[in-house]
Amino acid sequence: MAEPAITWTSRGAARRSTRTLRVRVCAAVVAVIVLAVLLVPPLAQLDQQAVDLTAKLLPPSWEHPFGTDDVGRDLLLRCVYGLRVSLLVGLVAALVATVIGTAVGAAAGALGGWTDRLVMRAVDTLSSIPHLLLGIFIVAMFRPGVWPVVVSVALTHWLSTARIVRAEVLSLRSRPYVDAAVSGGASRLRVAVRHLVPGVLPQAGLAAVLMVPHAMWHESALSFLGLGLPSHQASLGNLVQTARGSLLAGDWWPTLFPGLLLIVPTLAIAGLAGAWRDRLNPRRRSELTL
């Protein structure tokens, strides 16, 4: 009697397939979010501040997929506007924080010596202060608005990028082509501009992508505390803050949908950033597929 054939399956291939599917799903979610933020407000042609007390706190339905809030405003439209503001704050704050962190980390790693030690001790000192507490102190010095929140988030989130960039610069300084440039008489500035900074841009870009959802949560926390955007302006933090009374009364939808629009983009961006990190580190990717 013939022995049944044994079929060997590759665990690495299965993991690669799962990872590819995850990346595609995350990319599709991000694309849908971006299209909704860009297209829904101009296509809807509705006033997101329009009050209709006869339709207040309606549960989700075909007419109002996310329901209505405590003054009858459509929650779907309000959530899209809130997501638009939160994404704007997250993107701008992440970009500013990445530029600051890249400049500080590259300068510390390229100069070395006492400059490196002084800069990194300053970074360690600022890192010992909780981000939210420092952000509250910064935003409290201005009137509520978008730009004070952007400044607050940017000035409290560049520290991790500075550490990452400095570590990468120290690694690049030991490369043969950098030694050859120094031996050829290149100045520190030329070595930094031509060799070190281009080498750290992929890591800095990855840090910026990961910082976007972090900045969105930070903005939402500040707005939830009443220190971020004005209460009449839609943002995810403001929507959750104004829905607290409705939640206590048993109306769950004014809190659920803004919360989901914070969680879903965070998971999608984190999935894309994880795939980017694997591409930047081929050795780690090959270990994962074994």
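Student: How do you know what span is expected for helix 2, and what span does helix 2 reach?

Tutor: In this predicted model, helix 2 has 37 residues. The expected span is 1.5 Å times one less than the number of residues, which gives 54 Å here. From first C-alpha to last, helix 2 reaches 53 Å, close to that value.

Student: What makes the link between Asp 74 and Leu 76 at the start of helix 2 a polar contact?

Tutor: A side-chain oxygen of Asp 74 comes to within 3.3 Å of the backbone nitrogen of Leu 76. The cut-off for such a pair of N or O atoms is 3.5 Å, so this pair counts. At the other end, just after helix 2, Gly 112 has a positive phi of about 65°.

Student: Why is the set with Cys 79, Leu 83 and Trp 158 called a nonpolar core?

Tutor: Because its members are buried, of nonpolar types such as Cys, Leu and Trp, and joined through side-chain atoms within 4.5 Å. The largest such core has 25 residues, and Cys 79, Leu 83 and Trp 158 are among those with the most contacts inside it.

Student: Which helix gives the largest share of this core?

Tutor: Helix 2, with seven residues. Other elements that give two or more include helix 8 and helix 11. Apart from this core lies another, of 12 residues, Val 165 and Leu 196 among them.

Student: What does Thr 255 touch, beyond residues up to four places away in sequence?

Tutor: Thr 255, found in helix 11, touches Ala 243 and Leu 247. Its side chain reaches the backbone oxygen of Ala 243 at 3.5 Å.

Note on methods:
Residues are numbered from 1 along each chain as its sequence is written. This is a predicted model: local features need pLDDT of at least 70, side-chain atom pairs count only at pLDDT 80 or more; totals for chains, interfaces and linings use all residues. Side-chain values use heavy atoms; hydrogens and water are left out. Buried means under 20% relative accessible area, exposed over 50%, partly exposed in between (1.4 Å probe, protein chains only). Helices (H or I, at least four residues) and strands (E, at least two) are DSSP runs, numbered from the N terminus. A polar contact is a pair of N or O atoms within 3.5 Å; within protein, one must be able to donate a hydrogen and the other to accept it, and residues adjacent in sequence count only if both atoms are side-chain atoms. Contact means heavy atoms within 4.5 Å.
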